[in-house]
Amino acid sequence: MNRIVAAMFLCFSLLSVYTLWGQEKETLVLIDTDMGKIKVKLYNETPQHRDNFVKLINEGRYDGLIFHRIIKQFMVQGGDVTSKDAPIDKPLGDGDLGYTVPAEIVYPKYFHKRGALCAARTGDDTNPERASSATQFYIVTGKFFTDMELDKKEVEEGIKYTPEQREAYKIQGGAPHLDNKYTVFGEVVKGQDVVDKMHLVATNDKDRPLKNIKIKSMKVVTK
């Protein structure tokens, strides 16, 4: 009997180890801003975006940049490499690193719910492959939708929302008009209240905050 119990325990232990080996560890990033800290996790199903983001963080590329584009009930955007210490009248939005990241659109699993971390990009007319900016990203704040509004969007977009999407857009909010068009490569796990405060700041006619909101630092963290 003892041998049987020992054998069962060994099998269970090996199965547990195998399961852990088979699960890729999630990457967590802490974004420290003038308005507070935001923690995001990066999806393993978008490895090129994850690895590029981590590379830029480790190089300190985001330190000192600002959130240069904010639209209420939509999103906050940062990552323009020319935005560090940019005077308030300087046009921003075109600063990048001269390369793109291939699209990794994992839809409908990942969509534009409130808190989604997404890659910015140029429009379909010049970028039909929907490749992402090397550095620029946005975090969704969005707005709430009713079933009737989602029904209308399904007809307009020729899509069918999953029950998970419907629940998220009705209860959390989001930006469903961007679904399946931009790469969603992570989500906020802590500090969404900071993002929500950001999207309420006053902006100019170019959607730039009247007072700079700086990314003091970004770093990969373990918890």
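Trainee: Which residues lie nearest the centre of the largest pocket?

Mentor: Keep in mind that we're looking at a predicted model. The largest pocket has a volume of about 430 Å³, and 22 residues line it. Strand 4 (75-78) and strand 7 (132-133) are the elements that give two or more residues to that lining. Nearest the centre lie Gln77, Ala120, Arg121, Thr122 and Gln136.

Trainee: How do the residues of that lining divide into nonpolar, polar and charged?

Mentor: Gln77 is one of the lining residues nearest the centre, and Gln counts as polar, while Ala120 is there too and Ala counts as nonpolar. Sorting the whole lining of the largest pocket that way gives 8 nonpolar, 10 polar and 4 charged.

Trainee: What about the second largest pocket, how many charged residues are in its lining?

Mentor: This pocket has a volume of about 170 Å³. Its lining includes Arg69, Asp89, Lys90, Lys206 and Arg208, and Asp, Lys and Arg count as charged. Ile88, Pro91 and Leu92 are also in the lining, alongside His68 and Asn204. The split is 3 nonpolar and 2 polar, and the charged residues number 5.

Trainee: Which helix gives the most to the lining of the largest cavity?

Mentor: A search of the whole structure turns up 1 cavity of 30 Å³ or more, with a volume of about 80 Å³. Its lining includes His49, Asn52 and Phe53, and the top contributor gives 3 residues. That's helix 2 (residues 47-58).

Trainee: How many charged residues line that cavity?

Mentor: Phe137 and Phe185 are among the lining residues, and so are Ser133 and Thr135, with Gln136 there as well. You've met Gln136 before, as one of the residues nearest the centre of the largest pocket. The cavity lining has 7 nonpolar and 5 polar residues, and charged ones come to no residues at all.

Trainee: Over which residues is the pLDDT below 50?

Mentor: For the protein chain, the mean pLDDT is 91, and 90% of the residues reach 70 or more. One stretch falls below 50, and beyond near neighbours in sequence it has 0 contacts in the model. That stretch is residues 4-22.

Trainee: Stepping back, what percentage of the chain's residues is buried?

Mentor: The chain comes to 5 helices and 10 strands. Among contacts between residues at least 6 apart in sequence, 73% join residues at least 24 apart. A residue is buried if its relative accessible area is under 20%. Of the 223 residues, the buried share is 45%.

Terms used:
Residues numbered from 1 in each chain as written. Predicted model: local features only at pLDDT ≥ 70, side-chain atom pairs only at ≥ 80, totals over all residues. Heavy atoms only, no water. 1 Å grid on protein atoms, 1.4 Å probe; cavity = no way out; pocket = protein on both sides within 12 Å on 5 of 7 lines; lining within 4 Å. Points joined across faces, edges and corners; volume = space filled by probe spheres on them. Helix = DSSP H or I, 4+ residues; strand = E, 2+ residues; numbered from the N terminus. pLDDT = per-residue confidence, 0-100. Contact = heavy atoms within 4.5 Å. Buried < 20%, exposed > 50% of the residue type's maximum accessible area, 1.4 Å probe, protein only.
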